[in-house]
Amino acid sequence: MVSLSTIFHRSGSSRFFFQGSVAWIRWLYVAGILLLVVGMIWGLFFAPADRLQGESARIMFVHVPAAHLSQLVYLAIAAAGVVWLVWRMKLVDICMTALAPIGCALTGLALASGAIWGIPTWGTGWVWDARLTSTLVLFFLYIGLIALRGALAGNQRAAMAVSILALVGAVNIRIIKYSVDWFATLHQPGSITLGGPPAMAPAFLWPLAVNVLGFHALVAGAALAAMRAELVQRDARTDWVRSVLNVGPKQAP
Amino acid sequence: MRDPSFYIWSAYAICVLVLACIALRPLASLRTAKRRARKLQNQLVDHA
Amino acid sequence: MMIWLSMQRDFCLAIRQASDTLMPAVFFLLLVTILSIGTGFSMHENSISSIGAVWVVALFATVLGMDSMFRRDHDDGTLDQFLLHAEPLALCVLARVAAFWSISVLPVVALSPIAAWMMGLQSGLVQSLLVSLLLGTPVLALLGAIGSALVLEVHRSAALLALLVLPLFVPVTVLGVSVAASSVVGQPTAPLILWMIVLLLGTMTLSPFATAAALRASTEY
């Protein structure tokens, strides 16, 4: 029986994480791919067409999970930033590094699929709506995080800078949402709002839920895999990497 | 309303493409990182 | 006490290097000219877009000087003194930002009525534009301080700084333009101005601490 504090301290160990995450990644990838295949086929062929939007509402099944995950990943980065500023855990910094490109890709996907959805339904791919604008700003925030990490030398300094920026951005993205919403209602009354799905019929809800779960699993698996890569890259010279990779002279048992 | 099937297929195709990139990129970079680490460790051993 | 000395020093340096100090104001007028030419001199037909243009141009003129907010202090060692000093670093940061704002942003704000007049804004609307700029540009300077502290150790940081801070400028720009725009439509501006004050006070309270942390991150590791 392993105590809780042992688990906590072990989870901060690079070697333990590197070896323990393999099984997690495998299962998360398998689950994610299975769920996504099921959810996408369900959404494409078996879900009914929407009464108002017709067939094009099927894009929802890929757009909503991407938009949801893009915000969740930023929230995770900001939370990791707080944890890093308080405890200076190395794995948390590696987690921030791994999550930023994934979140950036998801935000791009949300923007692209939203624009593709907008053309047949709204007649235009882009509206300066509160949600669209804040998603676009989120995209720039992700790029800023990646660029700042790339520009700064030294892991400690980069980690601190990125944590601060992630926190400031997290506060900012909330304010942006309110301010743009307000601005839009001030000047373009009756513009299209992407309201959340109110009381969605189960026929839409189930494939959507399957896809959201699939996105979660795949993104979590990819984040863990990216963390492993970053860990090996940073610790390339250390003893634990040597023993894990089985190179060099074997130590006497 | 225009025929939406083109938009639906392109949205799904982009989604699959981006997800494939998200899933495969870490695996590729892990492979590269491992290879580099092996090389570095071998150099360290040779040096010692 | 040291806060006043530091601000006094900043003003003294600004007067001695007058050509550097005047640069944002000149840049501002230049941008106004280019923008009027670029839009085919059609700015004056729409009051709201000319207000937006003045705001964006003032924003760019602010960003121009932002890169050097802590750079000179960092290069000549003053920043190290701030870091070691008994006064809280956040307070020193606030003093530096206040000096930066009054040296390189205030001239831009002072010129904005002229720019608005050149763009054909009705004279009754200039007042609300001025109020929104006076309340909004300190927020820009305070947010820019975080960015310029983060990129202090980066070589050739201007583009990166713009990438980092421009997304942060969205809320204050939205509010500032709405203040001026609602006076065009004839709506009351007071609630929006109160919101801008809230934003200013909130940024003034939080941003010096974030800037101080960023300065420590840039200098200590």
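Me: What pattern does chain A follow along its sequence?
Reply: In this predicted model, chain A reads α-α-α-α-α-α-α-α. The count is 8 helices and 0 strands.

Me: How much of chain A is buried?
Reply: Of its 253 residues, 45% are buried. Each of those has 20 or more other C-beta atoms within 10 Å of its own.

Me: What share of the contacts in chain A joins residues at least 24 apart in sequence?
Reply: The share is 78%, counted among contacts between residues at least 6 apart.

Me: Where in chain A is confidence lowest, and where highest?
Reply: Helix 1 of chain A, residues 4–11, is lowest, with a mean of 72. Helix 3 of chain A is highest, at 93. Over residues 187–194 of chain A the pLDDT drops below 50. That stretch still has 9 contacts in the model beyond near neighbours in sequence. For chain A as a whole the mean pLDDT is 85, and 89% of residues reach 70 or more.

Me: What makes A:Arg88 stand out in its backbone?
Reply: Its phi is positive, near 55°, and A:Arg88 is not a glycine. Most residues other than glycine have a negative phi. A:Arg88 sits in the loop between helix 3 (60–87) and helix 4 (90–122) of chain A.

Me: Why is A:Arg88 called partly exposed?
Reply: A:Arg88 has 13 C-beta neighbours inside 10 Å. Exposed takes 12 or fewer, and buried takes 20 or more. The value of 13 falls in between, so A:Arg88 counts as partly exposed.

Me: Why is C:Arg156 called exposed?
Reply: C:Arg156 has 9 other C-beta atoms within 10 Å. The limit for exposed is 12 or fewer, so C:Arg156 qualifies. C:Arg156 also has a positive phi, about 50°, without being a glycine. Its place is the loop between helix 7 and helix 8 of chain C.

Me: How do you know that the buried residues of helix 8 of chain C line one face?
Reply: Take the buried residues: C:Leu160, C:Leu161, C:Leu164 and C:Val165. Seen down the helix axis, they fall within an arc of 120°, so they line one face of helix 8 of chain C.

Me: How do you know that the span of helix 6 of chain C agrees with its residue count?
Reply: Helix 6 of chain C, residues 89–118, has 30 residues. The expected span is 1.5 Å times one less than that count, which gives 44 Å. The end C-alpha atoms lie 42 Å apart, so the two values agree.

Me: Where is the kink in helix 6 of chain C?
Reply: The kink is at C:Val105, shortly before the proline C:Pro107, and comes to about 45°. Just after helix 6 of chain C, C:Gly120 takes a positive phi of about 80°.

Me: What does chain B consist of, in helices and strands?
Reply: Chain B has 1 helix and 0 strands. Its C-alpha atoms fill a box of roughly 75 × 10 × 5 Å along the principal axes. Of its 48 residues, 27% count as buried.

Me: Why is B:Ala11 called buried?
Reply: B:Ala11 has 25 other C-beta atoms within 10 Å. The cut-off is 20 or more, so B:Ala11 is buried. B:Ala11 belongs to helix 1 of chain B, residues 5–47.

Me: Which residues is B:Ala11 in contact with, leaving aside neighbours within four places in sequence?
Reply: They are A:Ile59, A:Val62, A:Ser113, A:Ile116 and A:Trp117.

Me: Which pair of chains has the most contacts?
Reply: Chains A and B, among the 2 pairs that touch. That contact takes 30 residues from chain B and 36 residues from chain A. The chain B side has 21 nonpolar, 5 polar and 4 charged residues.

Me: How many residues of chain C are in contact with chain A?
Reply: In chain C, 21 residues are in contact with 24 residues of chain A. Helix 9 of chain C gives the most to its side, with 6 residues. By class, the chain C side has 17 nonpolar, 3 polar and 1 charged.

Me: How do you know that chains B and C do not touch?
Reply: A contact needs C-beta atoms within 7 Å, and no such contact links chain B and chain C. Their nearest C-alpha atoms are 24 Å apart.

Methods. Residues numbered from 1 in each chain as written. Chains lettered and ligands numbered in written order. Predicted model: local features only at pLDDT ≥ 70, side-chain atom pairs only at ≥ 80, totals over all residues. Helix = DSSP H or I, 4+ residues; strand = E, 2+ residues; numbered from the N terminus. Nonpolar A, V, L, I, M, F, W, Y, C, P; charged D, E, K, R; others polar. pLDDT = per-residue confidence, 0-100. Bend = angle between axes of the 7 residues up to and from the residue. Arc of directions from axis to C-beta.
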